[in-house]
Amino acid sequence: MSDEIYTGSSNPKVNILTKQLLSTSKPASSSRSDRDEDDEDAIFAELEAELENDDEALREHALKGLQREMTALKQMREDMHGKYSEIDEEKEVIRVSASERRCIIHFYHSNFRRCAIMDKHLATIAPKYFGTRIIRVFVEKVPFLVEKLGIKVLPCVICFVDGVTKDRIVGFEDLGNKDSFSTATLELRLQQIGVIQKETKYIPAVRNPTTAFAREGRVRQQRYDDGDDEFDLD
């Protein structure tokens, strides 16, 4: 699957409908799932009506593009995009970091007050950046990752882009080193890293997890064979 799915059209109303579809992709609660599907069906039906008088080839191209986009969005919803979720199995954490195009992982401990502060800000950011998977991991459940990633200070937020460690935020040093930093401050730092991006008419597709994980597995195995004790996928 390619990295991006293009759904642009020469028909301006098609682009408006695409933006409407994007707006339904940001779930506020679990009760919205059925309504989201109804909204998508309605948008698709409206799109078909708008394209009724277009050239047949252009109409077919636009409809196929929207179908691909809707499929990608549904898959991302199933993968908890747009929500701040928790994973407690090391293998699943590794799989997610390797297979997602953009991923943020907060390594936390329930007894650390600053981890709770970081949770609050990440939970606010997650629905705004549907293209990025944002999760948290309890450090006591992932000792192998904690050791390999050299995590010594909490909270620790590690950012992955295309399965590769891009950067990390350790404690609050990069955020003014005070508990009262704003969500916007964290948001700007994550944008500078490149792990969150404002959505456009392009929608990031989910990378093939099987292929991606197999490739990253070969990279990790090569590093072990070479005596590299770092878990980072750089």
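**A walk around helix H5 and its sheet**

Reader: At what angle do the axes of H5 and H7 cross?
Author: Let's start with these two helices, remembering that this is a predicted model. The axes of H5 and H7 come within 10 Å of one another. They cross at roughly 70°.

Reader: Is H5 roughly parallel or roughly perpendicular to H7?
Author: The crossing angle is roughly 70°. Angles from 65 to 115 degrees count as roughly perpendicular. So H5, relative to H7, is roughly perpendicular.

Reader: Is the crossing of H5 and H7 left-handed or right-handed?
Author: The two helices meet through side-by-side lists of residues: Met 118, His 121, Leu 122, Thr 124 and Ile 125 in H5 meet Thr 183, Leu 186, Glu 187 and Leu 190 in H7. The handedness of the crossing of H5 and H7 is right-handed.

Reader: How far does helix H5 reach from its first C-alpha to its last?
Author: H5 covers residues 113-125, which gives it 13 residues. At 1.5 Å a residue, 18 Å would be expected. The helix comes close to that, with a reach of 19 Å.

Reader: Which helix do the buried residues of H5 pack against?
Author: Buried means under 20% relative accessible area, and in H5 that applies to Cys 115, Ile 117, Met 118, Asp 119, His 121, Leu 122 and Ile 125. These buried residues pack against strands E2 (84-86), E3 (102-108), E4 (133-138) and E5 (156-161). They also pack against a helix, residues 183-193, named H7.

Reader: Which strands are the edge strands of the sheet?
Author: Five strands form an open sheet with mixed pairing, in the order E2-E4-E3-E5-E6. An edge strand pairs on one side only, and here the edge strands are E2 and E6.

Reader: In E4, which residue is the bridge partner of Ser 85?
Author: At one end of the sheet order, E2 and E4 pair in the parallel sense. Three bridges hold that pairing. In E4, the partner of Ser 85 is Ile 135.

Reader: Which strands does helix H4 touch?
Author: H4 (residues 90-99) packs on the sheet. Its direction makes about 150° with that of E3. The strands touched by H4 are E3, E4 and E5.

Reader: How many bridges join E5 to strand E6?
Author: E5 and E6 (residues 164-170) run antiparallel. As an example of their pairing, Cys 156 has Val 170 in E6 as its bridge partner. The number of bridges joining E5 to E6 is six.

Reader: Which residue in the turn of the E5 and E6 hairpin has a positive phi?
Author: The hairpin leaves two residues between E5 and E6. The residue in question has a phi of about 55° although it is not a glycine. Its relative accessibility is 31%, and because partly exposed lies between 20% and 50%, it counts as partly exposed. This residue is Asp 162.

Reader: Is Asn 177 buried or partly exposed?
Author: Asn 177 lies in the loop between E6 and H7. Like other residues one might check, it has a phi value, here positive at about 55° although Asn 177 is not a glycine. With a relative accessible area of 47%, Asn 177 is partly exposed.

Reader: To which residue does the cis peptide bond from Leu 154 lead?
Author: The omega of this bond is near 0°. The residue lies in the loop between helix H6 (143-148) and E5. The cis bond from Leu 154 leads to Pro 155.

Key
Residues are numbered from 1 along each chain as its sequence is written. This is a predicted model: local features need pLDDT of at least 70, side-chain atom pairs count only at pLDDT 80 or more; totals for chains, interfaces and linings use all residues. Side-chain values use heavy atoms; hydrogens and water are left out. Helices (H or I, at least four residues) and strands (E, at least two) are DSSP runs, numbered from the N terminus. The expected span of a helix is 1.5 Å times one less than its number of residues. Buried means under 20% relative accessible area, exposed over 50%, partly exposed in between (1.4 Å probe, protein chains only). Contact means heavy atoms within 4.5 Å. Two strands pair if DSSP finds at least two bridges between them. Axes are lines fitted to C-alpha atoms, for helices over the stretch in contact, and angles run from 0 to 180 degrees between N-to-C directions. Angles under 35 degrees count as roughly parallel, over 145 as roughly antiparallel, 65 to 115 as roughly perpendicular and the rest as oblique. A crossing is left-handed if the near helix is turned anticlockwise from the far one by less than a right angle, and right-handed if clockwise.
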